[in-house]
Amino acid sequence: LLVDDSALARRILRGYLEPAGHQIMEAQDGFSGLELYALEKPDLVLLDLTMEGMHGLDVLRELRRMDPSARVVVATADIQRSTQEMAGEAGACGFVSKPFLREQVLEAVQQALPRAERPAAAEEGEIHSPCADGPAA
């Protein structure tokens, strides 16, 4: 599930992830992202932090309240360590920075997905992270 208020960002991410074998759903804000998550229970959420209406950290906290095993990768242009620490404390499994780099996005998504949900092509040379095989912290 891509949750980002930028249609361009969602289009770029879709262009990276679909060819890698991922099925994509999109939400244009935090509120619709939470609704779609509740209905569809996607394997992973790629969440922008800076959005109109509801900040991404609030969305992340609500996702984790709804589903403690939710796997969330945070996307942000804010590379400050404090931002990453707050997102990590709220339960993020990983981070990608804007502007997006294809390999960084694919690696963060693969690390955060449960092994059973990864496309077959992702098994080669995979890297393990705490969120990859157990519940999200």
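**Figure 1. Salt bridge between Glu-62 and Arg-65 in helix α3 of the predicted model**. Glu-62 is partly exposed, with a relative accessible area of 25%. Its partner Arg-65 is exposed, at a relative accessible area of 58%. The two side chains meet in a salt bridge with an N to O distance of 2.6 Å. Both residues belong to helix α3, and because they are three residues apart there, about one helical turn separates them. An α-helix has 3.6 residues a turn, so residues three or four places apart point the same way.

**Figure 2. Salt-bridge network of Arg-10, Arg-14, Glu-18 and Glu-26**. Salt bridges with shared partners join these four residues into one network. Within this view, the side chains of Arg-10 and Glu-26 meet in a salt bridge of 2.9 Å, N to O. Arg-10 lies in helix α1 and Glu-26 in strand β2, so this pair ties together parts that are 16 residues apart in sequence. Arg-10 is buried, with a relative accessible area of 10%, whereas Glu-26 is partly exposed, with a relative accessible area of 33%.

**Figure 3. Salt bridge between Lys-98 and Asp-4**. The side chains of Lys-98 and Asp-4 meet at 3.0 Å, N to O. Lys-98 is located in the loop between β5 (94–97) and α5 (102–112), and Asp-4 in the loop between β1 and α1 (7–17), so the pair ties together parts that are 94 residues apart in sequence. Asp-4 counts as buried, at 3% relative accessibility. Lys-98 is partly exposed, with a relative accessible area of 23%. A search of the whole structure finds eight salt bridges, and the Lys-98 to Asp-4 pair is one of the salt bridges in the model.

**Figure 4. Buried and exposed sides of helix α2**. Helix α2 spans residues 30–40, and Gly-30, Gly-33, Leu-34 and Tyr-37 are buried in it. These residues lie on the same side of α2, because they cover an arc of only 100 degrees around the axis. Glu-35 and Leu-39, on the other side of the helix, are exposed. The cover over the buried residues of α2 includes strands β1 (2–3), β2 (26–27) and β3 (45–48), together with helix α3 (56–66).

**Figure 5. The two ends of helix α2**. At the N-terminal end, Asp-29 caps α2. A side-chain oxygen of Asp-29 lies 3.1 Å from the backbone nitrogen of Phe-31. Just after the helix, Lys-41 takes a positive phi of about 45 degrees.

**Figure 6. The chain as context for the close-up views**. The secondary structure of the chain comes to six helices and five strands. From the N terminus on, these elements run in the order β-α-β-α-β-α-β-α-β-α-α. Of the 137 residues in the chain, 47% are buried. Among contacts with a separation of 6 or more, 56% are between residues 24 or more positions apart. The chain exposes about 7200 Å², and carbon and sulfur atoms supply 53% of this area.

Technical notes: Residues numbered from 1 in each chain as written. Predicted model: local features only at pLDDT ≥ 70, side-chain atom pairs only at ≥ 80, totals over all residues. Heavy atoms only, no water. Buried < 20%, exposed > 50% of the residue type's maximum accessible area, 1.4 Å probe, protein only. Helix = DSSP H or I, 4+ residues; strand = E, 2+ residues; numbered from the N terminus. Arc of directions from axis to C-beta. Contact = heavy atoms within 4.5 Å. Polar contact = N/O pair within 3.5 Å; in protein donor to acceptor, adjacent residues only side chain to side chain. Areas by Shrake-Rupley, 256 points an atom, 1.4 Å probe, with all protein chains shown as cover.
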